[in-house]
Amino acid sequence: MLKTTKNTGIYLLMILIAVLQLFPLYWLVVSAFKDNSEIIGGVVWALPTEWRFSNFSEAWVSAKVNQYFFNSVSVTLITLFCVLLLASMMAYALTRMRFKYNGLILFILLMGVMVPIHATLIPLFMILKNLGLLSSRLSIILPYIAVNLPIGVYMLSAFLRSMPKELEEAAFIDGCGVVKSFFKVVLPLLKPPLASVAIFVFLAVWNELLMAATFIQKETLRTLPLGLMNFSGQYSISWGPLAAAMVISTLPILLAYVLFSDQMEKSFTAGAILK
Amino acid sequence: MERALSDKKLIALFLVPGLTVFLIFYFVPILMTAYYSFQEWDGINPMAFVGLDNYTKMFTADKSFWKAVWNSVAFLLTGVFVQLPLSFGLALLVSRKMKGRKWFRNIYFFPVVMSTTMVSLLWVKIYDPNIGMLNTLLEAAHLGSWAQAWLGDTKTALLSVLIVTTWHYVGYNMLILFAGIQGISEQYYEAAKLDGAVGWKAVRYITLPLLSDVLRICVVLNVIYALKTFESVYVMTNGGPLHSTTMIALKMFQEAFLKQNFGYGSALAVFMVLECLIIAWVLNKVLTREKIEY
């Protein structure tokens with residue numbers, strides 16, 4: 001009897017915290033369907049009287065969220081592909097191949113895990129300007145790759161070190177060279193840690209604002225966080241379309257979360273322990 | 001195989017592409033920041049070497065610098081003494097063997113994966129004096145006199161931003177601590193039960209000591225995140241009103257890209273790096289004790 005009341009109490013507490021965590025998001029979603037008069041005059045937790053999908057179409061077309069969305073998707077996909085490929089090649093070389101400067105390279109990469117990206121911002125701006133890359137997609141893709149490589153290399157090398165070498169040896173005996181055995185044998189075995197790295201990089205790049213705000217000067221190349229920020233300045237009075245734009249930009253994350261929440265937990269804990 | 005794996009050309013093939021990108025777009029810029037910090041430079045005209053002038057200005061003349069340092073301390077203290085205990089409480093809650101705990105864990109964690117820009121824009125609206133949910137809720141609760149422009153007032157702006165970061169990241173520490181708690185063997189609790197340690201006693205004498213490594217990681221992470229804060233203040237207040245929410249990273253950004261003081265901005269960046277590295281190192285030293293074995 002005592003135990004059940006205690007458990008009910010704990011459930012109630014947990015539900016209360018869940019409401020605190022979810023209510024702002026609930027408000028965001030219902031606001032995305034309301035118009036200003038309903039938001040200002042209406043009850044905060046009420047559902048919209050009329051579901052205004054027009055907010056979404058307004059955000060998508062007039063506020064150019066479609067463009068920002070496409071920019072974010074392309075920047076994220078290119079960065080992801082390059083980081084996964086380059087980081088796994090580097091991790092393989094650093095754990096399996098034999099050469100002198102192994103330790104030095106790992107140490108230099110460690111700096112990339114420790115030093116905040118803010119410290120690279122001013123010189124990067126100059127470098128990109130001199131290379132004529134400002135106002136191009138590459139101006140953020142290249143720094144994004146550089147920033148995310150170290151953590152990728154560390155997560156993948158940790159996995160590779162614990163992986164037995166027998167399969168690679170078998171591949172060598174069958175006549176595979178290093179390159180072939182890397183692509184045919186090692187990469188497929190790296191799938192689980194690659195998924196963790198992929199999630200980590202996806203969120204980091206999809207959500208990045210500082211570098212985008214500094215290096216992207218062309219309006220048509222803005223990514224979602226940057227576009228939303230601007231949008232909120234222009235639409236400071238109508239909250240409905242902005243809320244709709246925010247809902248749209250969170251949908252891919254929500255989708256990734258629903259599909260890979262276990263993997264996401266793993267990649268966050270692994271990432272935290274590295275940092 | 002050994003010979004193939006020490007082939008210089010192959011090693012270069014695997015390492016050089018990634019390493020080049022890393023060096024040019026991350027490592028070299030770090031060194032350049034240090035170099036810029038000794039110059040006076042507007043980014044266009046030639047640089048002028050000014051020695052430690054930028055640092056002297058930072059520590060003596062620039063009043064809003066100390067405001068930014070103080071705000072970092074506020075973020076840091078909130079992270080360690082408010083957010084971390086809350087996260088630990090949540091981690092204990094979701095570690096209980098009960099139905100639906102995975103659901104709760106997912107809900108508590110979800111805000112973490114949302115971008116700081118999004119979360120900040122959302123809370124700007126929540127705090128908004130006209131359309132905001134907070135004032136409306138206060139009025140509904142007959143506390144209308146409490147309603148105000150939360151982010152626009154020097155008295156409430158910093159606190160309002162701190163509440164948002166706590167709301168945003170409380171699930172992050174929870175998840176790390178939860179993973180740590182899962183790693184503690186059931187045996188300890190069973191042994192403790194025989195000695196009469198259940199409930200809070202078990203937490204105090206088993207969970208906390210065995211979690212000390214994970215707690216240390218969380219403390220270091222929270223401190224570093226606090227020192228690096230940029231996006232939330234940039235989006236919510238832009239440092240204002242009257243520098244009441246300004247941070248080092250934001251000042252660096254404003255000095256360099258709004259006022260064209262690239263040298264001074266770089267000095268601020270160097271300060272930030274050293275601050276992060278030194279504090280992380282000190283915390284690691286101070287918090288590392290003899291490993292606990294039972």
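This note covers the salt bridges and the interface between chains A and B in a predicted model.

1. Overall count. Over all chains, the whole structure holds 12 salt bridges. Side chains of opposite charge can pair when their charged atoms come close. The points below take up some of these pairs, then turn to the interface.

2. Asp35(A) with Arg52(A). These two side chains form a salt bridge, at 3.6 Å from N to O. Asp35(A) sits in the loop between helix 1 (2-31) and helix 2 (36-41) of chain A, and Arg52(A) in the loop between helix 2 and helix 3 (54-62), so the bridge ties together parts 17 residues apart in sequence. Asp35(A) is partly exposed, at 27% relative accessible area. Arg52(A) counts as buried, at 18%; the cut-off for buried is under 20%.

3. Glu38(A) with Arg52(A). Arg52(A) also meets the side chain of Glu38(A) in a salt bridge, at 3.5 Å from N to O. Here the acidic partner lies in helix 2 of chain A and the arginine in the loop between helix 2 and helix 3, so the pair links parts 14 residues apart in sequence. Glu38(A) is buried, with a relative accessible area of 13%.

4. A pair within one helix. In chain B, Asp213(B) forms a salt bridge with Arg216(B), and their closest N and O atoms are 3.2 Å apart. Both residues belong to helix 11 (residues 212-228) of chain B; they are three residues apart, so about one helical turn separates them. Asp213(B) is partly exposed, at 35% relative accessibility.

5. The network in chain A. Salt bridges with shared partners join Asp35(A), Glu38(A), Glu50(A) and Arg52(A) into one network.

6. Extent of the interface. In chain A, 94 residues are in contact with 85 residues of chain B. The two chains bury about 8,500 Å² between them, and 81% of that is on carbon and sulfur atoms. Met14(A), Gln21(A) and Ile122(A) lose the most area to chain B among residues of chain A; together they account for 9% of what that side buries.

7. Polar and charged links across the interface. Two salt bridges are counted between chain A and chain B. Arg105(B) and Glu265(A) meet in a salt bridge, at 3.0 Å from N to O. Between the chains, 13 residue pairs are in polar contact, both residues at pLDDT 80 or more. On the side of chain A that touches chain B, the residues divide into 72 nonpolar, 14 polar and eight charged.

Conventions
Residues numbered from 1 in each chain as written. Chains lettered and ligands numbered in written order. Predicted model: local features only at pLDDT ≥ 70, side-chain atom pairs only at ≥ 80, totals over all residues. Heavy atoms only, no water. Salt bridge = Lys/Arg side-chain N within 4 Å of Asp/Glu carboxyl O. Helix = DSSP H or I, 4+ residues; strand = E, 2+ residues; numbered from the N terminus. Buried < 20%, exposed > 50% of the residue type's maximum accessible area, 1.4 Å probe, protein only. Contact = heavy atoms within 4.5 Å. Buried area = accessible area lost by both parts, 1.4 Å probe. Polar contact = N/O pair within 3.5 Å; in protein donor to acceptor, adjacent residues only side chain to side chain. Nonpolar A, V, L, I, M, F, W, Y, C, P; charged D, E, K, R; others polar.
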